[in-house]
Amino acid sequence: MDPLPRITLEAPVLSIGSRSSDYEDLGSYVRALRRPRGLHLTLLHLGVLEDFARDVSDWTKGITSTESATRGTVSWLLGLPELGAFSGNAERLIVLGGGRVSGLEVALPRPVHDYQHSLVQALHELLDELLVDNIDDFILSSRALGFRSPHWTPHVAVGSPKAGSGGAWEIEPIAIEFGESRIRNRQSLPPID
């Protein structure tokens with residue numbers, strides 16, 4: 001059975017560097033370099049929609065049903081503003097996810113940071129509408145959201161760290177082009193009335 005799809009708001013990577021070898025060169029730092037076609041910058045991670053709705057229902061002790069949480073969340077997601085295409089750059093590879101993921105740490109223009117901050121504010125508003133109290137505590141404890149820290153580290157996951165590798169490596173500066181924001185796995189969202 002396929003795992004349930006995770007829902008994120010992301011910006012797809014259109015290109016890394018000016019030549020294909022610019023990305024392939026990262027293979028000297030990273031084991032199992034990911035295919036360039038699926039690379040993205042996560043702007044907001046919701047996780048599996050069913051798990052998120054269950055987390056809300058559990059937190060509210062059933063005052064908000066999983067069905068209400070699902071409908072409200074889908075409507076909220078579809079109403080979020082889009083972020084246009086933008087450019088960034090990276091000068092470091094960092095280790096994330098408890099040491100399981102290597103990512104390019106991306107320096108982004110201020111409007112992208114502002115947009116991501118507005119997404120977190122919008123998430124707070126959604127949770128308030130879903131009758132979640134102690135919203136910050138909920139965000140940090142929700143298994144679906146998976147937030148380990150309230151601080152956002154803009155990154156593009158590119159593979160797995162090589163055995164025995166440390167926390168960060170300086171690399172030659174590399175430009176990254178991103179497309180317009182999109183909802184990953186949008187096609188899996190249930191229809192709303």
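1. A residue is called buried when its relative accessible area is under 20%, exposed when that area is over 50%, and partly exposed in between. On this scale Arg 182 is partly exposed, because its relative accessible area is 38%. The structure discussed in this note is a predicted model, and the points below should be read with that in mind.

2. Arg 182 is a useful place to begin. Its side chain forms a salt bridge with Glu 10, and the closest N and O atoms are 3.0 Å apart. The two partners come from distant parts of the chain, since Arg 182 belongs to strand β8 and Glu 10 to strand β1, with their positions 172 residues apart. Glu 10 has a relative accessible area of 1% and is therefore buried. The link thus joins a partly exposed arginine to a buried glutamate.

3. The backbone pairing involves these two residues as well. Strand β8 (residues 182-184) runs antiparallel to β1 and is joined to it by 3 bridges. Within this pairing, Glu 10 stands opposite Arg 182. Glu 10 and Arg 182 are accordingly partners both in the strand pairing and in a salt bridge.

4. Strand β1 (residues 6-16) also pairs with other strands. It is joined to strand β3 (residues 40-48) by 7 bridges, in the antiparallel sense, and Thr 8 stands opposite His 45 of β3. With strand β7 (residues 168-178), β1 shares 3 bridges, and these two strands are again antiparallel. Two positions illustrate the contact with β7: Val 13 has Phe 178 as its bridge partner, and Ser 15 stands opposite Glu 177. Of the 11 residues of β1, 8 are buried, so the strand is largely enclosed by the rest of the structure.

5. Strand β7 has a further partner in strand β4 (residues 86-96). The two are antiparallel and pair over 8 bridges. In this pairing the bridge partner of Gly 88 is Ile 176 of β7. Strand β7 therefore pairs with β1 and with β4, as the bridge and strand assignments of DSSP define pairing.

6. His 40 deserves separate comment. This residue is found in strand β3 and is buried, with a relative accessible area of 19%; the cut-off for this class is under 20%. The side chain of His 40 makes polar contacts with the side chain of Thr 42 at 3.5 Å and with the side chain of Arg 184 at 3.2 Å. Leaving aside neighbours within four places in sequence, the residues in contact with His 40 include Glu 10, Val 13, His 155 and Ala 157.

7. Which residues have the most contacts inside the largest nonpolar core? They are Leu 43, Phe 52, Trp 76, Leu 104, Leu 123, Leu 127 and Phe 178, in a core of 53 residues. Helix α4 (residues 110-129) gives the most to this core, with 7 residues. In soluble globular proteins, nonpolar side chains tend to be buried together. Among the residues named, Trp 76 touches Leu 44, Leu 46, Leu 119, Ala 122, Leu 123 and Leu 126, not counting residues up to four places away in sequence. Phe 178, listed with the core residues of most contacts, is also the bridge partner of Val 13.

8. The salt bridges number 7 in total. One of them joins Arg 143 to Asp 55, the closest N and O atoms being 3.6 Å apart. Arg 143 lies in the loop between α5 (135-141) and β6 (155-161), while Asp 55 is in helix α2 (residues 49-59), so the pair ties together parts that are 88 residues apart in sequence. Arg 143 counts as exposed at 67% relative accessibility, whereas Asp 55 counts as buried at 8%.

9. Another salt bridge is found within a single helix. The side chains of Arg 110 and Asp 114 meet at 3.2 Å, N to O. Both residues lie in helix α4, 4 residues apart, or about one turn of the helix. Arg 110 counts as exposed, at 56% relative accessibility, and Asp 114 is partly exposed, with a relative accessible area of 42%. Elsewhere, salt bridges that share partners join Glu 10, Arg 182 and Arg 184 into one network.

Key
Residues numbered from 1 in each chain as written. Predicted model: local features only at pLDDT ≥ 70, side-chain atom pairs only at ≥ 80, totals over all residues. Heavy atoms only, no water. Core = buried A, V, L, I, M, F, W, Y, C linked by side-chain atoms within 4.5 Å. Buried < 20%, exposed > 50% of the residue type's maximum accessible area, 1.4 Å probe, protein only. Contact = heavy atoms within 4.5 Å. Salt bridge = Lys/Arg side-chain N within 4 Å of Asp/Glu carboxyl O. Polar contact = N/O pair within 3.5 Å; in protein donor to acceptor, adjacent residues only side chain to side chain.
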